[in-house]
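Subject: Structure for you to look at, with notes

Dear colleague,

I am passing on a structure that you have not worked with before, and my notes follow below it. Please read them with the structure open beside you.

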Amino acid sequence: MPTIQDRIKERRIYCGLTLLEVANELGVKEATVQRYESGEIKNIKHETIVGLANILNCSPAYLMGWTDVVAEVSPPSAENHQVTDIEMDIIKKYRSLDLRGQKAVLDTLNRECEFATGYSTASNSAALISDAICTVNDLMGVTAAINQHKPISKK
């Protein structure tokens, strides 16, 4: 049975990421990620495992070896937030992308969220969400065109 370090390395390679890319996303040094993969660091914090799972596009349970299912999405329930139709559409589109496209979407979303943290009013938040959805849709069109090697049409 693969260990956590085996699964971290396997997912990193599968996602086409370098140690440095994972380290930068996680906010640690490259050597730290290498020590996670080698097993030198045995007690990895919960937040770090969750962060690694997000970066490596899998569930924390998969990294821990509790399941062999790579990615798990729990259905909406009374205990967690309901997923809106728009959010489901975004999830479906995101899942249809290859890893490069998914990384581009996540990078853009992270930049938009960083920008949005300076705004707290509902109207600004709604506008930023609307802009982010448009940006995600635009990126998906760009990624689809790249994947199909078709020219991108301008609006």
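A polar contact is here a pair of N or O atoms within 3.5 Å, and within protein one of the two must be able to donate a hydrogen and the other to accept it. One such case is S59, whose side chain reaches the backbone nitrogen of Y62 at 3.0 Å. S59 itself sits in the loop between α4 (46-55) and α5 (60-64), and because its relative accessibility is 6%, where buried means under 20%, S59 counts as buried. Please keep in mind throughout that this is a predicted model.

As for the overall picture, the protein has eight helices and zero strands, so that read from the N terminus its elements run α-α-α-α-α-α-α-α. Of its 155 residues, 28% are buried, and the accessible surface comes to about 10500 Å², with 57% of that belonging to carbon and sulfur atoms. Among contacts with a separation of 6 or more, 53% are accounted for by residues 24 or more positions apart.

Turning to the interior, nonpolar side chains in soluble globular proteins tend to be buried together. The largest nonpolar core in this model has 18 residues, and those with the most contacts inside it are I8, V22, L52, L56 and L63. At least two residues of this core come from each of α1 (4-14), α2 (19-26), α3 (30-38), α4 and α5, and α4 gives the most, with four residues. V22 can serve as an example: once its neighbours within four places in sequence are left aside, V22 is in contact with R12, L17, V33, L52, I55 and L56.

The helix α1 deserves a separate look. Its buried residues are I4, R7, I8, R11 and R12, and because they cover an arc of only 130 degrees around the axis, they lie on the same side of α1. The cover over these buried residues includes α2, α3, α4 and α5, while the face of α1 turned away from its buried side carries the exposed residues I13 and Y14. Just after α1, G16 takes a positive phi of about 70 degrees.

Which charged pairs did the search for salt bridges bring up? A search of the whole structure finds five salt bridges, and I describe some of them here. D68 forms one with R7, with the closest N and O atoms 2.6 Å apart; since D68 lies in the loop between α5 and α6 (85-96) and R7 in helix α1, the pair ties together parts that are 61 residues apart in sequence. The two partners are differently placed with respect to the surface, for D68 is exposed, with a relative accessible area of 60%, whereas R7 is buried, with a relative accessible area of 2%.

In another salt bridge the side chains of E37 and R12 meet at 2.5 Å, N to O, and because E37 lies in helix α3 and R12 in helix α1, this pair ties together parts that are 25 residues apart in sequence. Both E37 and R12 are buried.

A further salt bridge joins the side chains of K93 and D89 at 3.4 Å, N to O, and both residues lie in helix α6, four residues apart, about one turn of the helix. K93 counts as partly exposed at 29% relative accessibility, and D89 is likewise partly exposed, with a relative accessible area of 38%.

With best wishes

Terms used. Residues are numbered from 1 along each chain as its sequence is written. This is a predicted model: local features need pLDDT of at least 70, side-chain atom pairs count only at pLDDT 80 or more; totals for chains, interfaces and linings use all residues. Side-chain values use heavy atoms; hydrogens and water are left out. Buried means under 20% relative accessible area, exposed over 50%, partly exposed in between (1.4 Å probe, protein chains only). Contact means heavy atoms within 4.5 Å. Accessible areas come from the Shrake-Rupley method with a 1.4 Å probe; for residues, only the protein chains shown count as cover. A nonpolar core is a set of buried Ala, Val, Leu, Ile, Met, Phe, Trp, Tyr and Cys residues joined through side-chain atoms within 4.5 Å. The arc is that of the directions from the helix axis to the C-beta atoms. A salt bridge is a side-chain nitrogen of Lys or Arg within 4 Å of a carboxyl oxygen of Asp or Glu.
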